[in-house]
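Hi everyone, thanks for making time. Today I'd like to walk you through one protein and the ligand bound to it.

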Amino acid sequence: MEPILLYGFPSGSSMGLVAALEWLGKPYRLCRVDMLGDMREPSYARLNPRHETPVFITDKGELLTETMAIAAWLEARDSDRRISFAPLSREADRMHQLMAFVNTGFTGAFSPLWAALEMEDPDPAVQTALRDFGRRAVIERHDKLEGMIGQGPFLVGERPSLADAVLVGVARWLDFHEVADRGRWPKLSALRERLEGDPAVIHATKLENGEASSGTGALLGHMPLDEVIERFGV
Ligand SMILES: N[C@@H](CCC(=O)N[C@@H](CS)C(=O)NCC(=O)O)C(=O)O
(Lines give C-alpha, C1' and ligand atoms only; values in the text may rest on other atoms or scores of the structure.)
Protein backbone atom coordinates (compact mmCIF):
# COMPACT_ATOMS: atom_id res chain seq x y z
CA MET A 1 0.00 0.00 0.00
CA GLU A 2 0.98 3.64 -0.36
CA PRO A 3 1.85 5.54 2.82
CA ILE A 4 -0.75 7.92 4.24
CA LEU A 5 0.05 11.21 5.95
CA LEU A 6 -2.49 12.69 8.36
CA TYR A 7 -1.98 16.44 8.38
CA GLY A 8 -3.71 19.00 10.57
CA PHE A 9 -5.58 22.19 9.82
CA PRO A 10 -5.67 25.12 10.45
CA SER A 11 -2.03 26.16 10.15
CA GLY A 12 -0.44 22.83 11.06
CA SER A 13 3.28 22.17 11.10
CA SER A 14 2.50 19.04 9.07
CA MET A 15 1.81 21.11 5.94
CA GLY A 16 5.57 20.93 5.28
CA LEU A 17 5.50 17.13 5.22
CA VAL A 18 2.82 17.26 2.51
CA ALA A 19 5.21 19.42 0.47
CA ALA A 20 8.02 16.92 1.19
CA LEU A 21 5.89 14.07 -0.18
CA GLU A 22 5.37 16.09 -3.35
CA TRP A 23 9.10 16.79 -3.67
CA LEU A 24 9.77 13.07 -3.07
CA GLY A 25 7.50 12.20 -5.98
CA LYS A 26 6.46 8.70 -4.82
CA PRO A 27 2.74 7.74 -4.58
CA TYR A 28 1.09 8.81 -1.33
CA ARG A 29 -2.31 9.38 0.22
CA LEU A 30 -3.46 12.04 2.66
CA CYS A 31 -5.99 12.43 5.41
CA ARG A 32 -7.04 15.93 6.47
CA VAL A 33 -7.59 16.34 10.21
CA ASP A 34 -9.49 19.16 11.89
CA MET A 35 -7.22 19.92 14.85
CA LEU A 36 -9.90 21.90 16.66
CA GLY A 37 -12.51 19.16 16.27
CA ASP A 38 -11.83 15.55 15.18
CA MET A 39 -8.31 15.46 16.63
CA ARG A 40 -9.74 16.03 20.13
CA GLU A 41 -12.21 13.14 19.91
CA PRO A 42 -11.42 10.06 22.04
CA SER A 43 -11.31 7.86 18.90
CA TYR A 44 -8.30 9.84 17.58
CA ALA A 45 -6.23 8.41 20.44
CA ARG A 46 -6.23 5.12 18.52
CA LEU A 47 -3.88 6.86 16.05
CA ASN A 48 -2.00 9.12 18.46
CA PRO A 49 -2.72 9.06 22.21
CA ARG A 50 -1.18 12.55 22.45
CA HIS A 51 -3.89 13.89 20.11
CA GLU A 52 -1.43 15.55 17.72
CA THR A 53 -0.70 15.71 14.02
CA PRO A 54 1.21 14.61 12.00
CA VAL A 55 0.51 10.89 12.01
CA PHE A 56 1.92 8.64 9.30
CA ILE A 57 0.75 5.21 8.16
CA THR A 58 3.66 3.40 6.56
CA ASP A 59 3.54 1.21 3.45
CA LYS A 60 3.14 -1.75 5.83
CA GLY A 61 0.11 -0.17 7.50
CA GLU A 62 2.03 0.68 10.67
CA LEU A 63 1.50 3.86 12.67
CA LEU A 64 4.33 6.35 13.05
CA THR A 65 4.09 9.64 14.94
CA GLU A 66 6.54 12.52 15.55
CA THR A 67 7.72 14.76 12.74
CA MET A 68 11.36 13.74 13.11
CA ALA A 69 10.53 10.01 12.92
CA ILE A 70 8.34 10.54 9.85
CA ALA A 71 11.08 12.62 8.20
CA ALA A 72 13.62 9.87 8.96
CA TRP A 73 11.29 7.28 7.39
CA LEU A 74 11.04 9.37 4.22
CA GLU A 75 14.78 10.05 4.15
CA ALA A 76 15.57 6.33 4.37
CA ARG A 77 13.45 5.71 1.25
CA ASP A 78 14.64 8.75 -0.70
CA SER A 79 16.90 6.68 -2.95
CA ASP A 80 17.08 9.42 -5.59
CA ARG A 81 18.05 12.00 -2.93
CA ARG A 82 15.28 14.41 -3.82
CA ILE A 83 14.59 15.64 -0.28
CA SER A 84 17.75 14.59 1.55
CA PHE A 85 21.45 14.02 1.03
CA ALA A 86 23.84 11.09 0.79
CA PRO A 87 24.16 9.31 4.14
CA LEU A 88 27.41 10.24 5.90
CA SER A 89 27.73 13.45 3.88
CA ARG A 90 28.30 16.86 5.46
CA GLU A 91 24.99 18.01 3.94
CA ALA A 92 23.10 15.18 5.65
CA ASP A 93 24.61 16.15 9.02
CA ARG A 94 23.69 19.77 8.47
CA MET A 95 20.16 18.88 7.39
CA HIS A 96 19.66 16.85 10.60
CA GLN A 97 21.07 19.70 12.68
CA LEU A 98 18.70 22.26 11.17
CA MET A 99 15.68 19.95 11.38
CA ALA A 100 16.41 19.27 15.04
CA PHE A 101 16.76 22.97 15.80
CA VAL A 102 13.54 23.87 14.01
CA ASN A 103 11.53 20.97 15.47
CA THR A 104 12.65 21.65 19.07
CA GLY A 105 13.53 25.17 20.24
CA PHE A 106 12.19 27.06 17.24
CA THR A 107 8.81 25.33 17.23
CA GLY A 108 8.61 25.16 21.02
CA ALA A 109 9.11 28.93 21.31
CA PHE A 110 5.57 29.37 19.95
CA SER A 111 4.02 27.19 22.70
CA PRO A 112 3.26 30.07 25.13
CA LEU A 113 1.57 31.98 22.29
CA TRP A 114 -0.64 28.99 21.45
CA ALA A 115 -1.37 28.46 25.15
CA ALA A 116 -2.40 32.13 25.52
CA LEU A 117 -4.63 31.89 22.46
CA GLU A 118 -6.31 28.64 23.47
CA MET A 119 -6.99 29.48 27.14
CA GLU A 120 -10.61 28.59 27.83
CA ASP A 121 -11.23 30.95 30.71
CA PRO A 122 -8.35 33.41 30.32
CA ASP A 123 -6.83 35.17 33.30
CA PRO A 124 -5.65 38.43 31.63
CA ALA A 125 -2.45 38.62 33.70
CA VAL A 126 -1.44 35.05 32.82
CA GLN A 127 -2.38 35.59 29.18
CA THR A 128 -0.26 38.75 28.97
CA ALA A 129 2.68 37.00 30.63
CA LEU A 130 2.44 34.07 28.24
CA ARG A 131 2.28 36.37 25.22
CA ASP A 132 5.24 38.41 26.42
CA PHE A 133 7.32 35.32 27.19
CA GLY A 134 6.34 33.71 23.88
CA ARG A 135 7.18 36.79 21.81
CA ARG A 136 10.62 37.07 23.38
CA ALA A 137 11.30 33.35 22.87
CA VAL A 138 10.17 33.44 19.22
CA ILE A 139 12.33 36.49 18.47
CA GLU A 140 15.35 34.92 20.17
CA ARG A 141 14.96 31.65 18.22
CA HIS A 142 14.53 33.62 14.98
CA ASP A 143 17.77 35.46 15.72
CA LYS A 144 19.52 32.14 16.23
CA LEU A 145 18.08 30.56 13.08
CA GLU A 146 19.04 33.64 11.04
CA GLY A 147 22.60 33.08 12.22
CA MET A 148 22.51 29.42 11.13
CA ILE A 149 21.29 30.10 7.57
CA GLY A 150 24.05 30.08 4.97
CA GLN A 151 24.32 31.78 1.59
CA GLY A 152 22.43 29.15 -0.44
CA PRO A 153 18.84 29.39 -1.67
CA PHE A 154 17.54 26.78 0.84
CA LEU A 155 18.48 25.63 4.33
CA VAL A 156 20.90 23.08 2.88
CA GLY A 157 22.06 22.78 -0.72
CA GLU A 158 20.52 24.06 -3.90
CA ARG A 159 17.03 22.52 -3.60
CA PRO A 160 14.42 22.19 -0.85
CA SER A 161 15.03 19.34 1.58
CA LEU A 162 13.34 17.87 4.65
CA ALA A 163 14.85 20.71 6.69
CA ASP A 164 12.85 23.24 4.64
CA ALA A 165 9.76 21.03 4.95
CA VAL A 166 10.01 21.04 8.75
CA LEU A 167 10.46 24.82 8.71
CA VAL A 168 7.81 25.96 6.26
CA GLY A 169 4.71 24.94 8.22
CA VAL A 170 5.97 26.50 11.44
CA ALA A 171 7.66 29.70 10.19
CA ARG A 172 4.32 31.26 9.21
CA TRP A 173 3.24 31.24 12.87
CA LEU A 174 5.37 34.40 13.25
CA ASP A 175 2.78 36.25 11.13
CA PHE A 176 -0.22 34.43 12.61
CA HIS A 177 0.73 35.53 16.14
CA GLU A 178 1.84 38.98 14.89
CA VAL A 179 5.13 38.68 16.74
CA ALA A 180 7.28 40.86 14.47
CA ASP A 181 7.78 41.86 10.86
CA ARG A 182 9.43 38.96 9.05
CA GLY A 183 11.76 41.44 7.31
CA ARG A 184 13.64 41.71 10.59
CA TRP A 185 15.39 38.46 9.56
CA PRO A 186 16.42 39.03 5.91
CA LYS A 187 17.86 35.57 5.17
CA LEU A 188 14.96 33.74 6.77
CA SER A 189 12.47 36.05 5.10
CA ALA A 190 13.99 35.42 1.66
CA LEU A 191 13.98 31.67 2.31
CA ARG A 192 10.33 31.77 3.38
CA GLU A 193 9.39 33.72 0.27
CA ARG A 194 11.17 31.19 -1.92
CA LEU A 195 9.45 28.28 -0.19
CA GLU A 196 6.03 29.95 -0.23
CA GLY A 197 6.36 30.29 -4.01
CA ASP A 198 7.33 26.64 -4.47
CA PRO A 199 4.65 24.59 -6.31
CA ALA A 200 4.72 21.79 -3.71
CA VAL A 201 4.19 24.26 -0.85
CA ILE A 202 1.40 25.99 -2.78
CA HIS A 203 -0.19 22.54 -3.33
CA ALA A 204 0.11 21.65 0.37
CA THR A 205 -1.30 25.01 1.46
CA LYS A 206 -4.29 24.66 -0.87
CA LEU A 207 -5.10 21.22 0.52
CA GLU A 208 -4.75 22.52 4.06
CA ASN A 209 -7.25 25.25 3.20
CA GLY A 210 -9.69 22.65 1.86
CA GLU A 211 -9.12 23.59 -1.79
CA ALA A 212 -8.57 21.10 -4.59
CA SER A 213 -5.04 20.49 -5.83
CA SER A 214 -3.71 17.51 -7.75
CA GLY A 215 -0.03 18.46 -7.50
CA THR A 216 2.40 16.57 -9.70
CA GLY A 217 0.32 13.38 -9.70
CA ALA A 218 1.96 11.51 -6.81
CA LEU A 219 -1.05 12.23 -4.57
CA LEU A 220 -3.52 9.36 -5.02
CA GLY A 221 -6.27 11.01 -2.97
CA HIS A 222 -7.58 11.70 0.50
CA MET A 223 -9.01 9.13 2.92
CA PRO A 224 -11.68 10.03 5.49
CA LEU A 225 -10.38 10.08 9.07
CA ASP A 226 -13.03 7.58 10.25
CA GLU A 227 -11.79 5.04 7.73
CA VAL A 228 -8.14 5.57 8.71
CA ILE A 229 -9.01 5.06 12.39
CA GLU A 230 -11.05 1.96 11.60
CA ARG A 231 -8.36 0.35 9.42
CA PHE A 232 -5.15 1.39 11.15
CA GLY A 233 -6.05 2.49 14.68
CA VAL A 234 -4.88 0.38 17.61
N1 LIG B 1 6.42 16.46 18.82
C2 LIG B 1 5.36 16.43 17.84
C3 LIG B 1 4.53 17.68 18.02
C4 LIG B 1 3.39 17.76 17.04
C5 LIG B 1 2.47 18.92 17.37
O6 LIG B 1 2.63 19.63 18.37
N7 LIG B 1 1.49 19.11 16.52
C8 LIG B 1 0.52 20.16 16.75
C9 LIG B 1 0.02 20.74 15.47
S10 LIG B 1 1.27 21.60 14.61
C11 LIG B 1 -0.66 19.57 17.47
O12 LIG B 1 -1.19 18.59 17.03
N13 LIG B 1 -1.06 20.21 18.58
C14 LIG B 1 -2.17 19.78 19.38
C15 LIG B 1 -3.33 20.72 19.35
O16 LIG B 1 -3.36 21.62 18.51
O17 LIG B 1 -4.24 20.53 20.14
C18 LIG B 1 5.97 16.38 16.44
O19 LIG B 1 7.05 16.92 16.24
O20 LIG B 1 5.36 15.77 15.55
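I'll begin with the ground rules, then go to the ligand, the backbone around it and the annotated domains.

This is a predicted model, where local features need pLDDT of at least 70 and side-chain atom pairs count only at pLDDT 80 or more, while totals for chains, interfaces and linings use all residues. Residues are numbered from 1 along each chain as its sequence is written, and side-chain values use heavy atoms, with hydrogens and water left out.

So, where does the ligand sit? The ligand is in the largest pocket. A pocket here is an open set of points on a 1 Å grid over the protein atoms alone, where a 1.4 Å probe fits, with protein on both sides within 12 Å along at least five of seven lines. Sitting in it means that more than half of the molecule's atoms lie within 2 Å of its grid points.

The residues surrounding the ligand, meaning those with a heavy atom within 4 Å of it, include Ser13, Met35, Arg40, His51, Thr53, Pro54, Glu66, Asn103 and Trp173. By class, this shell has four nonpolar, five polar and three charged residues. Asp, Glu, Lys and Arg count as charged; Ala, Val, Leu, Ile, Met, Phe, Trp, Tyr, Cys and Pro as nonpolar; and the others, Gly among them, as polar.

Now the polar contacts, which are pairs of N or O atoms within 3.5 Å. The side chain of Glu66 places a polar atom 2.6 Å from a ligand nitrogen. Thr53 uses a backbone N or O atom, 2.8 Å from a nitrogen of the ligand. Asn103 has a side-chain N or O atom 3.2 Å from a ligand oxygen. Alone, the ligand has 510 Å² of accessible area, and the protein covers 73% of that, by the Shrake-Rupley method with a 1.4 Å probe.

Two of those residues come up again in the backbone. Most residues other than glycine have a negative phi, and most peptide bonds are trans. Glu66, however, has a positive phi near 80 degrees, and the bond from Thr53 to Pro54 is cis, with omega near 5 degrees. Glu66 lies in the loop between strand E4 (63-65) and helix H2 (67-76); helices (H or I, at least four residues) and strands (E, at least two) are DSSP runs numbered from the N terminus. Phe9 and Pro10 are also joined by a cis bond, with omega about 0 degrees.

Finally, the domains: an unreviewed UniProt entry lists "GST N-terminal" at residues 1-82 and "GST C-terminal" at 88-216. Residues 1-82 are 24% helix and 23% strand, whereas 88-216 are 67% helix and 0% strand.

Terms used. Polar contact = N/O pair within 3.5 Å; in protein donor to acceptor, adjacent residues only side chain to side chain. 1 Å grid on protein atoms, 1.4 Å probe; cavity = no way out; pocket = protein on both sides within 12 Å on 5 of 7 lines; lining within 4 Å. UniProt positions renumbered as here; feature names shortened; annotations may be inferred.
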